[in-house]
Amino acid sequence: ETGKGSVFILHFPLVEANTARERADKTPPSTAAQDILRGRHILLVDDEQFVCDVGKRLLEAAGCTVTTFVHGAEAVPFYREHWTEIDGVLLDLMMPEIHGRDIFQAFKAINPKVIIVISSGYSQDTDAQQILDEGGAGFLRKPFGLKELHGVLARAFHSAHQADGKNKCHYINPEIDKILTAADGSHDKKQRQILYSKSQKI
């Protein structure tokens, strides 16, 4: 009304702050992936504390022990001292202090058989592909959910195990591959074969 002002009532849908995080937590996990991951010690290196916190919780849901670092440079001396206790590494490719490729090479120098899955918010670019060519065990695109995280890491461990068990010959267990493919949402057969072939270098 003129001279008296107006009152507006706005209605917004209720959205909890942790909606995305909770949605990932509620995603049904793959039993096959969890069986492979259970009891593993994972080193998670990412400059985003949120990613470290969420990744830690999702991996712990699979029965993993998780050590996290937001400063990549600090992860190298830790790995040098504790590498025999670490089963695998989830490594962010793009970090401000030190590039993931430099950490990858440092870890490989300490333990040539280290299982490293690299992660990035970008598509699998030249840097990521080069790391895979040099023995990286897989690529995880951010943002990721429970299924993608469990699936990619489980596949890395499975393929490394198959490589060792088959005298490092190329081998894909079709049943496990089918289950893990459903777990990480991958439908690209060629890409799955590439990830498995990388395990020959581990």
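1. A good place to enter this predicted model is a polar contact of 3.3 Å that joins the side chains of Lys142 and Asp92. The side chain of Lys142 also makes a polar contact with the side chain of Asp46, at 2.9 Å. Lys142 itself is found in the loop between S5 and H7, and, although lysine carries a charged side chain, this residue is buried, with a relative accessible area of 12%.

2. Both of these pairs count as salt bridges as well. Lys142 forms one with Asp46, where the closest N and O atoms are 2.9 Å apart. Lys142 lies in the loop between strand S5 (138-141) and H7, while Asp46 lies in the loop between S1 and H3, so the pair ties together parts of the chain that are 96 residues apart in sequence. Asp46 counts as buried, since its relative accessibility is 1%.

3. The salt bridge between Asp92 and Lys142 has its closest N and O atoms 3.3 Å apart. Because Asp92 lies in strand S3 (residues 88-92) and Lys142 in the loop between S5 and H7, this pair ties together parts that are 50 residues apart in sequence. Asp92 is buried too, with a relative accessible area of 2%. As general background, side chains of opposite charge can pair when their charged atoms come close.

4. How many salt bridges does the model contain? The count comes to six. Another of them is formed by the side chains of Arg101 and Glu134, which meet at 3.0 Å, N to O. This pair links distant parts of the chain, with Arg101 in helix H5 (residues 100-110) and Glu134 in the loop between H6 and S5, 33 residues apart. Glu134 is partly exposed, with a relative accessible area of 33%.

5. Which residues are joined into one network by salt bridges that share partners? They are Asp46, Glu48, Asp92 and Lys142. The surroundings of Lys142 can be read alongside this network: leaving aside neighbours within four places in sequence, Lys142 is in contact with Asp46, Glu48, Val51, Asp92, Ser119, Ser120 and Gly121.

6. Turning to the nonpolar residues, the largest nonpolar core has 27 residues, of which Leu37, Leu59, Val117, Leu140 and Leu149 touch the most other members. Helix H2 (31-37), strand S1 (41-45), helix H3 (49-60) and helix H7 (146-165) each supply at least two residues of this core, and the largest share, eight residues, comes from H7. In soluble globular proteins, nonpolar side chains tend to be buried together.

7. Leu140 gives a closer view of that core. Apart from its neighbours within four places in sequence, Leu140 is in contact with Leu90, Val117, Ile118, Ser119, Ser120, Glu148, Leu149 and Val152. There is also a second, separate core of 22 residues, which includes Phe78, Ile86, Val114 and Phe139.

8. Where do the buried residues of helix H6 (residues 126-133) lie around its axis? These residues are Ala128, Ile131 and Leu132. They cover an arc of only 100° around the axis, which puts them on the same side of H6. The general rule behind such a pattern is that an α-helix has 3.6 residues a turn, so residues three or four places apart point the same way. Just after H6, Gly135 takes a positive phi of about 115°.

9. The histidine at position 41 deserves a separate remark. His41 is found in strand S1 and, at 14% relative accessibility, counts as buried. Not counting residues up to four places away in sequence, His41 touches Thr65, Val66, Thr67, Glu85, Ile86, Asp87 and Gly88. Among these contacts of His41 is Ile86, a residue that also belongs to the second core.

10. Finally, a word on cysteines. How many disulfides are there in the model? The count comes to zero. A disulfide is a covalent bond between the sulfur atoms of two cysteines. Cys52 counts as buried at 0% relative accessibility, and Cys64 counts as buried at 7% relative accessibility.

Technical notes: Residues numbered from 1 in each chain as written. Predicted model: local features only at pLDDT ≥ 70, side-chain atom pairs only at ≥ 80, totals over all residues. Heavy atoms only, no water. Core = buried A, V, L, I, M, F, W, Y, C linked by side-chain atoms within 4.5 Å. Buried < 20%, exposed > 50% of the residue type's maximum accessible area, 1.4 Å probe, protein only. Helix = DSSP H or I, 4+ residues; strand = E, 2+ residues; numbered from the N terminus. Contact = heavy atoms within 4.5 Å. Arc of directions from axis to C-beta. Disulfide = S-S within 2.5 Å. Salt bridge = Lys/Arg side-chain N within 4 Å of Asp/Glu carboxyl O. Polar contact = N/O pair within 3.5 Å; in protein donor to acceptor, adjacent residues only side chain to side chain.
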